[in-house]
Amino acid sequence: MRKTFGPLDDILIERLFQPVSDFITYRIGISRSATACFCVDVASLGWIVSRVRGLSDSVVAWDAGSSFLNLAFVLLGLVALISLRTVFRRTAGNKQANPLRLTMRPHRAIVLLMLAARLMQLRAPGLGDAADIAMLLFATSALYLGACAERPPLRRGWAALANASAG
């Protein structure tokens with residue numbers, strides 16, 4: 001996987017998501033982890049909207065087994081997204097190399113494959129299909145924005161001027 005997906009993953013991070021992350025951080029003032037958490041929140045909303053039709057149909061049909069399975073499926077997805085949000089919050093403020101860049105590579109590969117498969121299945125999109133695609137897009141964005149590195153803080157004052165003129 002490193003040889004096939006690694007270069008594509010690195011290009012997506014360095015050429016697309018790192019500039020977006022830097023723009024959001026320096027122009028808007030939102031940190032990388034906060035941006036990734038926002039994407040996870042939108043993905044969670046998309047997950048709920050994409051699954052509400054199946055859940056409501058099973059409740060209306062008075063099918064207790066199907067209702068329970070649909071509700072369990074919704075809750076399982078939400079727990080996974082909340083866990084991802086917790087991981088982003090824990091790595092916030094890390095001044096060293098971002099550990100999520102390498103450890104989340106399999107996750108990014110799977111979500112990109114899911115997104116590609118979902119787009120290939122798309123015929124006549126309804127609300128559930130659009131919400132499912134939005135959930136996958138924002139989950140992918142969250143994984144990539146979470147993998148971007150925080151820029152070092154700007155040094156201000158006389159020491160920064162001395163270092164800039166000396167180097």
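Buried, here, means under 20% relative accessible area. Keep that cut-off handy for this tour of a predicted model.

**Stop 1: Asp132 and Arg51**

Select Asp132 to begin. Its relative accessibility is 8%, so Asp132 counts as buried. Now add Arg51 to the selection: the two side chains form a salt bridge, with N to O at 3.7 Å. Color by helix and you'll see that this pair links distant parts of the chain, with Asp132 sitting in helix α6 (residues 127–147) and Arg51 in helix α2 (residues 32–60), 81 residues apart. Is Arg51 buried or partly exposed? At 26% relative accessibility, Arg51 counts as partly exposed.

**Stop 2: Asp9 and Arg105**

Next, jump to Asp9 and show Arg105 as sticks too. Their side chains meet in a salt bridge, 3.0 Å from N to O. Asp9 belongs to helix α1 and Arg105 to helix α5 (residues 105–121), so this pair ties together parts that lie 96 residues apart in sequence. Turn on a surface if you like: Asp9 is buried, at a relative accessible area of 0%. Arg105 counts as buried as well, at 10% relative accessibility.

**Stop 3: Asp9 again, now with Arg108**

Leave Asp9 selected and bring in Arg108. Here's another salt bridge between side chains, and the N to O distance is 2.6 Å. What does this pair tie together? Asp9 is in helix α1 and Arg108 in helix α5, so the parts being joined are 99 residues apart in sequence. Both partners, Asp9 and Arg108, are buried.

**Stop 4: the network**

Now select Asp9, Asp10, Arg105 and Arg108 together. Salt bridges with shared partners join these four residues into one network. As background, side chains of opposite charge can pair when their charged atoms come close. If you want to hunt down the rest, the count for this model comes to seven salt bridges.

**Stop 5: Thr25**

Finish by moving along to Thr25, which is in helix α1 (residues 6–28). Show its side chain and the backbone of Ser21, then put a distance label between them: the Thr25 side chain reaches the backbone oxygen of Ser21 at 2.8 Å. Which residues does Thr25 contact, leaving aside neighbours within four places in sequence? Select Ile30, Ser31 and Arg32, since those are the ones in contact with Thr25. Before you close the viewer, try showing Arg32 together with helix α2, which covers residues 32–60.

Technical notes
Residues numbered from 1 in each chain as written. Predicted model: local features only at pLDDT ≥ 70, side-chain atom pairs only at ≥ 80, totals over all residues. Heavy atoms only, no water. Helix = DSSP H or I, 4+ residues; strand = E, 2+ residues; numbered from the N terminus. Polar contact = N/O pair within 3.5 Å; in protein donor to acceptor, adjacent residues only side chain to side chain. Contact = heavy atoms within 4.5 Å. Buried < 20%, exposed > 50% of the residue type's maximum accessible area, 1.4 Å probe, protein only.
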